[in-house]
Amino acid sequence: MAITKVWIEEGCIVCNACETTCPEVFHVTEDTCMILPDVRQDGKETENREEQSALKADFQEELADQIEEAAEGCPVEVIKYE
Ligand code: SF4
């Protein structure tokens, strides 16, 4: 199933697991995790919690399994998607 949007809720513990699973989408910084600009329609690099920018159409199917896997692997369950 396609994923149209992914974002990070508050509480990321910067464990790096999501970036290891899906480096195309997630970039872990010193204090949180960003959704990378290349896969977003708005081209910003943020947690996408406020922007709620959609993924670019090309990636919605292509990266869905990896995003789901990353969300399942997040120890504090802050990766959310639709
Ligand atoms: S897996 Fe979860 S806690 Fe770990 S860096 Fe990614 S968003 Fe943060």
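**Exercises on core, fold and ligand shell**

**Exercise 1.** Which residues does Val25 touch, leaving out those up to four places away in sequence?

*Solution.* Val25 touches Val6, Ile35, Leu36, Val39, Leu63 and Ile67; contact requires C-beta atoms, placed from the backbone, within 7 Å. The model is predicted: local features need pLDDT of at least 70, side-chain atom pairs count only at pLDDT 80 or more, and totals for chains, interfaces and linings use all residues. Residues are numbered from 1 along each chain as its sequence is written.

**Exercise 2.** Place Val25 in the largest nonpolar core.

*Solution.* This core has 18 residues, and Val25 is among those with the most contacts inside it, including also Val6, Phe26 and Ile67. A core joins buried Ala, Val, Leu, Ile, Met, Phe, Trp, Tyr and Cys residues through C-beta atoms within 7 Å; buried means 20 or more other C-beta atoms within 10 Å of the residue's own. Strand 1 (6–8), strand 3 (33–35) and helix 3 (64–73) each give two or more residues to the core.

**Exercise 3.** In what order do the elements of the chain run?

*Solution.* From the N terminus the order is β-α-β-β-α-α-β, with helices (H or I, at least four residues) and strands (E, at least two) taken as DSSP runs. The total is three helices and four strands.

**Exercise 4.** Which residues are closest to the ligand?

*Solution.* The closest are Cys12, Cys15, Cys18, Cys33 and Cys74, out of 16 surrounding residues, counted when the backbone-placed C-beta atom lies within 6 Å of the ligand. Helix 1 (17–21) and strand 2 (26–28) each give two or more residues to this shell.

How values were computed. A residue is buried if 20 or more other C-beta atoms lie within 10 Å of its own, exposed if 12 or fewer, and partly exposed in between; C-beta atoms are placed from the backbone. Two residues are in contact if their C-beta atoms, placed from the backbone, lie within 7 Å.
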